[in-house]
Amino acid sequence: MNAFFCVRKLEPVGWIFAAMNFVFLGCAMALGIFLVVESVPILRSEGLSFWLGENWWVGESFGALPMICGSLIVTGLAIFFVLPVALSGALFTSEYLPPSFRRKVKGVMELLAGVPGIIYGLLGVSFLTLGVKDALNLLDGNTFFTAGLLLAIMILPTVLTLSEDALHSVSYEFREAAESLGLTKLQTALRVVLPQSLPGIVGAVLLGIGRAMGETIAVMLVVGSLDRVPGFNLFVSGQTIPSKLGREAAEALGSGLHWNALMGLGLTLFLVVAIITFSGHLFIKRCNQ
Amino acid sequence: MNAVTAEKMVLAFIGCITFLIVALLFTILGIMFLKGLPAMHGGFLFEESSDFGRAGGILYQLVGTLILMGVAVLWSLPVALGSVLFQTEYLNTGKLKTFLTQLTYILNATPTILFGLVGYLLFGVYLETGVSWVTGSLILAVMILPTLQVSIREAVEALPEKYREAGMSLGLSRPTQIWRIILPQSLYGIVTGVLLGLARAAGETAAIMFTATTFSGIQFPQSFSDPVPTLQTHILVLAQEGANPESIAQAWGAGLVLLGLVFLMTLMAWAFRTRMVMESEL
Amino acid sequence: MIQFKNFAVAFGERKVVQELTFSLSTNSITGIIGASGSGKTTFLRALCRMNDRINNFSVEGSVFIDGMDVYRPDTDVYALRRKVGMVFQKPCVFPKSIFDNAIFGVRDKLPKKERPDLVEKVLREVFLWEEVKDRLGEKATTLSQGQQQRLTLARTLAVGPKVLLMDEPTSSLDPKSTAAIERLAQSLKSRHTILWVTHQHDQAQSIADRVLVIENGQVTPLSTPIVPPEKSSSFTKILQGYPE
């Protein structure tokens, strides 16, 4: 046995545990393998133009560019909205709130993070799209902007609570040392605490990005579901990878090139999210050392 | 004095933002109650929906959601428990452990709709369960696996090494040690994990909307290959009938019930977590 | 320089210091000793209001430092802390360069081109300049514990304090570094008023001009040190082993 597979001696019960571990391993592996295998036909028939093609016409051509651009735009918007708000909240919670209030804020964040996507979708359909439509005098409130705003609200608790963890993990001694030099609390927070927790905050934002990219239901309901390569106008309808999958999975279920194309989209999304999440965890781990 | 004034202004500003963020939860709750309560007539929870969801109650939707989340946990718990115990109690090397932990994290972050896509192929097509509640619960089981694993692993790893050493010094075999020491001591982690897993399964729509559910026609599944109606997909369909006020009203009612279900699970998980933590500190 | 008038410090019900009326002269070293848990650290921290954020901490009476009423409500606590520097038990350098650490407290107030001079001045004051002058850009965390503690002292000196509060500054250091810090205190005495908390009687007696004992809330002066610092045998012995 090499070092990688060194296992203690197994009793019968141990074999059951090992089997369960293989079920887990199998599920995770199956996810990746199926995505790859089922994407092969579409990549073979479309090649690179699967990612660069602008037109998605079932039966003729499958170009994923509109969805890829849409996902990037919506995620970018969400991060743009969420960053200042989440960081302000994290800074205030970590540096200024007494411990009992801090725990309450964290509890509220955990509850908020648990609100189902469909509820956010319902709220988005009923209020946000109409609000955006009226405020900006648009014909249709289902836009990238609306989806970005809704996603920002959805990932806010994740980003806030994880960045707050990073800020809070900075040792108390550093704060005292800085304050004994006559720095104000805010100066201490900005010049000592923030730089030291930066990797953790980057990690928090990356995990938020990963979540935003994968959100299906809420985005699907407010993004307008229109396949086209967006220009620089954020106030038009569009499509993201998950919303496309959500819209078309039912009709393409299980077979045909259309299905393969959807799996190709899924693979693309999976790779991006996996890389972002993996690096997010690396950053957070570095912060905790 | 100028710097102090500036600092106070910044402080007031970020304080207000924090207050607004916290208020967000209560705004959402408030809206849900305001919009949802009118739909909650006497038998809302105990009547069938009728007229394509525009009238009646949500009995079978609620039942469908409960079936999916309950069965999903039944599938998921043994796998989560077994894999965590294997990783913590039997695996010696760090490399494989780190790899498996990373796998849990990646599975946790995977967009849920991908579980639907791949799960349909794996279960629906290859296990021939089709579009059914069995497929849906299996998909949800894989989806909530990381939630259960993380919670159980935290509890098991928080056990002080002295417990294991005490067990070893008494000559207990490893299975006895797990059964008599590790499982009882990490019970709160298992229960918290189960509750959080239930909450996560209850809130999920994307993974089950084309693999396990139907909008109407089915009341209670008669066989393994029947789809079920669920609260989540019920809301999804009704929400897209924006022009119809009755549909939207029903959607708010169903939404309130769903949110209540999810929050109930989360709050129960907290209660369990704090109670067990307090007991372990005694 | 430092005057206490009916000064009392308490943690909730527990009185750390009661009814202290006392004054300490300028440019002297005062040693403060007491058993662990006697509140000597709390007492020291009260002088630069580092306990402000602790919940049930309270003070009564007043204390004046260089004419400044420490606990008057309109006292600028940040100006106070710049006047009263504090060195902690464990050296706590920021994960930045040695240079940045040295000027940390005055960075915003000092024009860029005056910074190197100040850094050199304070590092010379703590006898660290020769050891680090070629690697000012390196991370301060690469220094030894003793060097780090001298760097935190330099960092405090750069702010220009009149009073230095030293909270067991040598307790985490080896004998050689301890001797260096003790010698340093002697050289700083000419310009600063130093309060030095320690739990070692012999250290207090060898370095301090007067020694105060904190016990059961009472602060009492110990009789004048019997052995003057320069003749303390253990102190000079260690000192001789230390390179100039």
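**Sheets and contacts in chains A, B and C**

Helix α6 of chain C, residues 145-158, lies across β6 and β7 (163-167) of that chain, and its direction makes an angle of about 170° with β6(C). The model discussed here is a predicted one.

The two strands under this helix belong to an open sheet in chain C. Six strands make up that sheet, lined up as β6-β7-β8-β3-β9-β10, and their pairing is mixed. At the edges stand β6 (84-87) and β10 (218-222) of chain C; each has a single partner strand, so one side of each is left without a neighbour in the sheet. On average, and with direction ignored, neighbouring strands here are turned by 20° against each other.

Further in, β3 and β8 of chain C sit next to one another in the strand order. Strand β3 covers residues 29-33 and strand β8 residues 193-198, and the two run in the parallel sense with 5 bridges between them. One residue pair to look for in the structure is C:Ile32 with its bridge partner C:Val197 in β8(C).

Chain C also has an open sheet of 4 strands, ordered β2-β1-β4-β5, and here the pairing is antiparallel. Its edges are taken by β2 (14-24) and β5 (68-69) of chain C, each of which pairs on one side only. In the middle of the order, β1 (residues 2-11) and β4 (residues 57-65) of chain C are joined antiparallel over 8 bridges. Within this pair, C:Phe11 faces another phenylalanine, as it stands opposite C:Phe57 in β4(C).

Turning to the contacts between chains, chain C meets chain A through 18 residues of its own and 12 residues of chain A. On the chain C side, the elements giving two or more residues are α2 (77-83), β6 and α6. Two of these names are familiar from above: β6 is an edge strand of the six-stranded sheet, and α6 is the helix that lies across it. Sorted by class, the residues that chain C brings to chain A come to 10 nonpolar, 4 polar and 4 charged.

Chains A and B also touch, with 74 residues coming from chain A and 67 residues from chain B. On the chain A side, helix α1 (residues 12-46) gives the most, namely 16 residues. What is the make-up of the side of chain A that touches chain B, by class? The split is 52 nonpolar, 18 polar and 4 charged residues.

Key: Residues are numbered from 1 along each chain as its sequence is written. Chains are lettered from A and ligands numbered from 1 in the order in which they are written. This is a predicted model: local features need pLDDT of at least 70, side-chain atom pairs count only at pLDDT 80 or more; totals for chains, interfaces and linings use all residues. Two strands pair if DSSP finds at least two bridges between them. Axes are lines fitted to C-alpha atoms, for helices over the stretch in contact, and angles run from 0 to 180 degrees between N-to-C directions. Two residues are in contact if their C-beta atoms, placed from the backbone, lie within 7 Å. Ala, Val, Leu, Ile, Met, Phe, Trp, Tyr, Cys and Pro count as nonpolar, Asp, Glu, Lys and Arg as charged, and the others, Gly among them, as polar.
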